[in-house]
Amino acid sequence: MSSGIHNYSEIGKLNKVLLHRIGPEVENLVPGNFERFLFDDIPYLEIAQKEHDAFAKLLTENGAEVIYYIDETAKALANPQIKEKFIKEVIDESQLFSQADKEAIFDYLNGMETKEMIGKIISGVTKEEVPKFESGSFADFISISYPFYMDPMPNLYFTRDPGACVGDGINIHHMHTDARRRESILLKYMYQYNRDFADESDQLWYDYDMEYSIEGGDVLVLNKETVAIGLSERTTAAAIERFANNLLGGGQFKKVIVLEIPKSRAFMHLDTVFTMVDYDKFTIHPEIEDPLRVFEMIPNGKGEVKFNSMADTLPNILKSVLGLPAVKLLRCGGDDPMAAQREQWNDGSNTLAIAPGKVITYERNHVTNDLLDKAGITVLTMPSSELSRGRGGPRCMSCPVNREDL
């Protein structure tokens with residue numbers, strides 16, 4: 001079993017990875033709440049779970065220890081006082097208006113066995129299942145037709161985003177949208193109280209309570225010296241600066257490279273358009289190449305960072321950072337603009353490297369998969385008819401906790 005957090009690359013052999021098996025939370029999606037919960041469609045749960053199990057099987061067959069959100073959070077809540085503290089913190093982030101609401105939901109959740117309680121928080125608490133009470137709140141009266149006391153977390157199967165394991169430390173992210181903010185609380189308790197997940201020596205680079213939004217799909221660990229981060233729709237410049245100050249001040253890394261990508265849902269995070277698949281190879285969505293601006297952050301010797309624009313091309317920047325004679329960018333969809341758009345929509349660039357030159361991808365992205373194969377990459381494909389409806393691929397669905405050093 002791999003001990004603690006240790007992650008100094010995107011491609012080192014994957015030893016331990018954190019997943020969430022998609023669950024009944026997605027069955028609380030309806031067209032009327034798509035915008036609220038950041039979905040465009042409803043995955044068919046039975047098939048989605050089979051696809052997710054196939055993903056986990058691929059990981060374990062290739063030597064990775066798969067751990068799950070509910071199990072690891074339950075370990076953190078073994079102490080009843082910690083469990084009560086956790087429930088109160090989740091309730092405080094759930095936009096409940098009256099003390100009566102909060103007390104009723106606390107009693108309802110605290111009366112459950114711990115794993116059942118965590119699963120219920122993830123799947124959502126409806127007004128039908130909590131014993132009736134009079135809150136006396138005008139806000140409650142106005143929202144009486146809304147079915148949930150506590151919203152579901154249908155995005156949690158994208159475990160990449162609530163946090164990121166970087167070096168011998170972790171980010172607990174302030175998520176960009178209210179719909180996803182509570183996800184990070186589960187990871188926070190894992191880090192603080194579950195010693196199977198994190199050692200006491202593992203550092204905290206970014207905390208849940210920090211005020212600026214940052215999400216894990218924008219964080220890529222290039223090597224032992226350099227982290228790349230996307231300046232995106234969901235990760236702000238202020239958050240990047242705070243993260244870089246903490247990370248570079250910790251002495252484990254020397255540089256943060258910032259890639260500014262278009263701020264739109266189509267290019268949600270950096271890893272939806274750019275991932276590392278081998279020592280010298282990356283997937284990229286061709287539509288971000290021309291407008292891409294890149295910045296460098298390094299320590300200024302006074303406990304802060306200094307930054308500057310990098311005027312060179314992305315291949316030259318990557319070549320310099322990685323100390324290589326050349327790097328190769330493999331374009332999602334190849335030279336076919338229709339294939340590029342189609343496969344980008346289905347996360348053709350969102351590959352998960354489980355070892356150098358060995359990746360897991362969605363089987364539906366056959367054009368990009370063929371290009372990866374021809375470039376010498378071992379491509380392990382997984383079914384994705386339902387999981388892909390959430391707009392995220394294998395990298396989005398995984399949070400690497402421990403990788404072997406290159």
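**H3 and H9**

I started with a pair of helices, and the crossing of H3 and H9 turned out left-handed. This is a predicted model, so I read everything below as computed from it. Helix H3 covers residues 69-76, and the two axes are 8 Å apart, with a packing angle of about 50°. H3 and H9 are therefore oblique to each other.

I then listed who meets whom. From H3 I noted Tyr69, Glu72, Thr73, Lys75 and Ala76; from H9, Glu183, Leu186, Leu187, Tyr189, Met190 and Tyr193. Sorted by class, the H3 contact with H9 holds seven nonpolar, one polar and three charged residues.

While I was on H9, I checked glutamine 192, which sits in this helix (residues 183-193). Buried or exposed, or in between, for glutamine 192? It counts as partly exposed because its relative accessibility is 32%, and that value lies between the 20% and 50% cut-offs. I also took a C-alpha to C-alpha distance from glutamine 192 to aspartate 218: 23 Å in space for 26 residues in sequence.

**H4 and H5**

Next I looked at helix H4 (residues 80-92) and helix H5 (residues 99-110). Their axes come within 10 Å and cross at roughly 135°. That angle makes H4 oblique to H5, since the roughly antiparallel label needs over 145 degrees. The crossing of H4 past H5 is right-handed.

Which residues of H4 and H5 make the contact? On the H4 side I wrote down Lys83, Glu84, Ile87, Lys88, Ile91 and Asp92, and on the H5 side Lys102, Ile105, Phe106, Leu109 and Asn110. The class count for H4 with H5 is five nonpolar, one polar and five charged residues.

**Strand E1**

I moved on to strand E1, residues 14-19. It is mostly covered, with six of its six residues buried. I found E1 joined to strand E19 (residues 399-403) by four bridges, running antiparallel. E1 is also joined to strand E2 (residues 65-68) by four bridges, and there the strands run parallel.

Valine 17 was a handy marker for both pairings. Proline 400 in E19 stands opposite valine 17, and so does valine 66 in E2.

**The sheet E16-E17-E18**

I traced an open sheet of three strands in the order E16-E17-E18, with mixed pairing. Why is one side of E16 and of E18 left without a neighbour in the sheet? Strand E16 (352-355) and strand E18 (378-382) stand at the edges and each has a single partner strand, so one side of each stays unpaired there. From one strand to the next, the twist averages 30°.

Strand E17 (residues 358-362) pairs with E18 in the parallel sense, over five bridges. One registration I jotted down is threonine 361, whose bridge partner in E18 is threonine 381. Helix H2 (residues 45-61) packs on this sheet and touches E16, E17 and E18, with its direction at about 150° to that of E18.

**The sheet E8-E9-E10-E13-E14**

I then followed another open sheet, of five strands, ordered E8-E9-E10-E13-E14 and again mixed in pairing. Strand E8 (219-221) and strand E14 (305-310) are at the edges; each has a single partner strand, so one side of each has no neighbour in the sheet. Ignoring direction, neighbouring strands are turned by 25° against each other on average.

I counted three bridges between E8 and strand E9 (residues 226-231), which run antiparallel. Leucine 220 has alanine 228 as its bridge partner in E9. Helix H10 (residues 237-249) packs on this sheet, touching E9, strand E10 (255-260), strand E13 (293-299) and E14, and its direction makes about 170° with that of E9.

**Leucine 220 up close**

I finished with leucine 220, which is placed in strand E8. Leucine 220 has a relative accessible area of 0%, so it is buried, the cut-off for that being under 20%. What does leucine 220 touch, not counting residues up to four places away in sequence? My list is Glu10, Val227, Ala228, Leu270, Phe274, Thr275 and Arg395. Ala228 is also the bridge partner I noted above.

My last lookup was a pair 211 residues apart along the chain: the C-alpha atoms of leucine 220 and serine 9 are separated by 7.9 Å.

Technical notes:
Residues numbered from 1 in each chain as written. Predicted model: local features only at pLDDT ≥ 70, side-chain atom pairs only at ≥ 80, totals over all residues. Heavy atoms only, no water. Axes fitted to C-alpha atoms, helices over the stretch in contact; angles between N-to-C directions. Helix = DSSP H or I, 4+ residues; strand = E, 2+ residues; numbered from the N terminus. Parallel < 35°, antiparallel > 145°, perpendicular 65-115°, else oblique. Left-handed = near helix turned anticlockwise from the far one by under 90°. Contact = heavy atoms within 4.5 Å. Nonpolar A, V, L, I, M, F, W, Y, C, P; charged D, E, K, R; others polar. Buried < 20%, exposed > 50% of the residue type's maximum accessible area, 1.4 Å probe, protein only. Pairing = 2+ DSSP bridges.
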